[in-house]
Amino acid sequence: MREEEIAAGLAAVHERIGAACAAAGRDPGEVTLVVVTKTYPASDVQVLAKLGVTDVGENRDQEAAPKAEEVAALGAQVRWHFVGQLQRNKCRSVVGYADAVHSIDGVRLARALAGAAQRHRERPLDVLVQVSIDGDPARGGAVVGATVDPDRDFDRVALTVAEAAPLRLAGVMAVAPLHWSPEAAFERLTEVSARLRAAHPEATAVSAGMSADLEAAIGYGATHVRIGSAVLGTRPKLR
Ligand SMILES: *Cc1c(COP(=O)(O)O)cnc(C)c1O
């Protein structure tokens with residue numbers, strides 16, 4: 001039974017979150033579990049909602065948009081977090097269903113999202129600035145400090161979001177680079193979060209941690225963990 005499978009995965013993840021919070025002296029109520037449902041059907045989201053999950057994540061608009069519609073039609077209510085690389089021409093679609101976007105890493109992208117939100121939604125959209133932990137501009141994330149590309153400058157991206165009325169600057173997000181230890185990566189993210197909060201005290205969210213490294217993320221102060229496979233099972237390989 002799919003529901004039993006998902007319930008077991010969910011229980012195991014809640015146990016890991018609880019243990020990590022206990023080890024870090026944190027209250028589990030400070031950590032929001034976002035179950036990343038990419039590659040899994042709307043029926044799984046319906047099961048998750050029934051099991052008490054309130055927040056789900058997706059990384060591709062092509063998949064997320066129809067799924068969000070299907071889930072709504074099934075009568076299930078969840079908050080959608082967009083966590084993947086976002087193209088400017090997809091902003092209009094994403095603002096239609098997302099409650100939060102974790103992956104804004106450019107000034108032009110932030111402006112495009114603000115414009116789409118202004119035209120196509122009523123409530124402000126929560127935005128997290130994605131941080132490049134290793135500063136490599138070839139991959140996702142805004143770069144802290146000197147960068148050759150001003151569009152990807154972390155402080156400018158954050159300011160653009162903060163000044164856009166249809167957006168609410170919520171915090172930072174990162175994915176630990178493959179060749180970094182999760183501890184080193186999330187320690188770095190904690191520093192960037194402090195830098196952001198110095199300028200924007202309300203931007204307290206820290207989205208960090210996936211199935212393999214949620215303990216390290218919670219140890220370094222994550223407020224949102226994005227968990228896919230540990231709840232739903234190993235995904236078929238993406239092309
Ligand atoms: C897929 C994905 C996750 C979840 O990954 P798991 O290893 O399955 O937990 C988290 N964050 C992002 C950005 C993702 O694309």
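This is a short conversation about reading a predicted model.

Visitor: Where should I begin, and what does the UniProt record mark at Lys38?

Guide: A record can point us to a residue worth a look. The unreviewed UniProt entry places the feature "modified residue: N6-(pyridoxal phosphate)lysine" at Lys38.

Visitor: Where does Lys38 lie?

Guide: To place a residue, look for the helices and strands on either side. Lys38 lies in a loop, with strand E1 (32–36) and helix H2 (42–50) on its two sides.

Visitor: Is Lys38 buried or exposed?

Guide: Here we use the relative accessible area, and buried means under 20%. Lys38 has a value of 16%, so Lys38 is buried.

Visitor: Which residues does Lys38 touch?

Guide: Contacts show which parts of the chain meet in space. Setting aside residues up to four places away in sequence, Lys38 touches Gly57, Glu58, Asn59, Glu63, Lys67 and Arg235.

Visitor: I also see a ligand. Which residues surround the ligand?

Guide: Let's go around it. Val36, Lys38, Asn59, Val83, Met210, Ser211, Arg226, Ile227, Gly228, Ser229 and Arg235 surround the ligand.

Visitor: Which polar atoms lie 2.8 Å from an oxygen atom of the ligand?

Guide: One is a polar backbone atom of Gly228, and another is a polar side-chain atom of Arg235. Lys38 also takes part: one of its polar side-chain atoms is 2.7 Å from a ligand oxygen atom. As for cover, the ligand taken alone exposes 380 Å², and the protein buries 89% of that.

Visitor: Let's turn to the nonpolar residues. Which members of the largest nonpolar core touch the most other members?

Guide: In soluble globular proteins, nonpolar side chains tend to be buried together. In this model the largest nonpolar core has 72 residues, and Ile104 and Leu113 touch the most other members. Helix H5 (residues 107–120) gives the largest share of this core, seven residues.

Visitor: What is Leu113 in contact with?

Guide: Leaving aside neighbours within four places in sequence, the contacts of Leu113 are Leu86, Cys91, Val95, Val101, Ile104, Leu125, Val127 and Leu167.

Visitor: One last residue: where does His224 lie, and is His224 buried or exposed?

Guide: We can use the steps from before. His224 lies in strand E8 (residues 224–227). Its relative accessible area is 16%, so His224 is buried. The side chains of His224 and Thr223 are joined by a polar contact of 2.8 Å. Not counting residues up to four places away in sequence, His224 touches Thr32, Val34, His81, Ala205, Val206, Ser207 and Ala208.

Definitions and conventions. Residues are numbered from 1 along each chain as its sequence is written. This is a predicted model: local features need pLDDT of at least 70, side-chain atom pairs count only at pLDDT 80 or more; totals for chains, interfaces and linings use all residues. Side-chain values use heavy atoms; hydrogens and water are left out. UniProt positions are given in the numbering used here, feature names are shortened, and annotations may be inferred rather than shown by experiment. Helices (H or I, at least four residues) and strands (E, at least two) are DSSP runs, numbered from the N terminus. Buried means under 20% relative accessible area, exposed over 50%, partly exposed in between (1.4 Å probe, protein chains only). Contact means heavy atoms within 4.5 Å. A nonpolar core is a set of buried Ala, Val, Leu, Ile, Met, Phe, Trp, Tyr and Cys residues joined through side-chain atoms within 4.5 Å. A residue is near a molecule or strand if one of its heavy atoms lies within 4 Å of it. A polar contact is a pair of N or O atoms within 3.5 Å; within protein, one must be able to donate a hydrogen and the other to accept it, and residues adjacent in sequence count only if both atoms are side-chain atoms. Accessible areas come from the Shrake-Rupley method with a 1.4 Å probe; for residues, only the protein chains shown count as cover.
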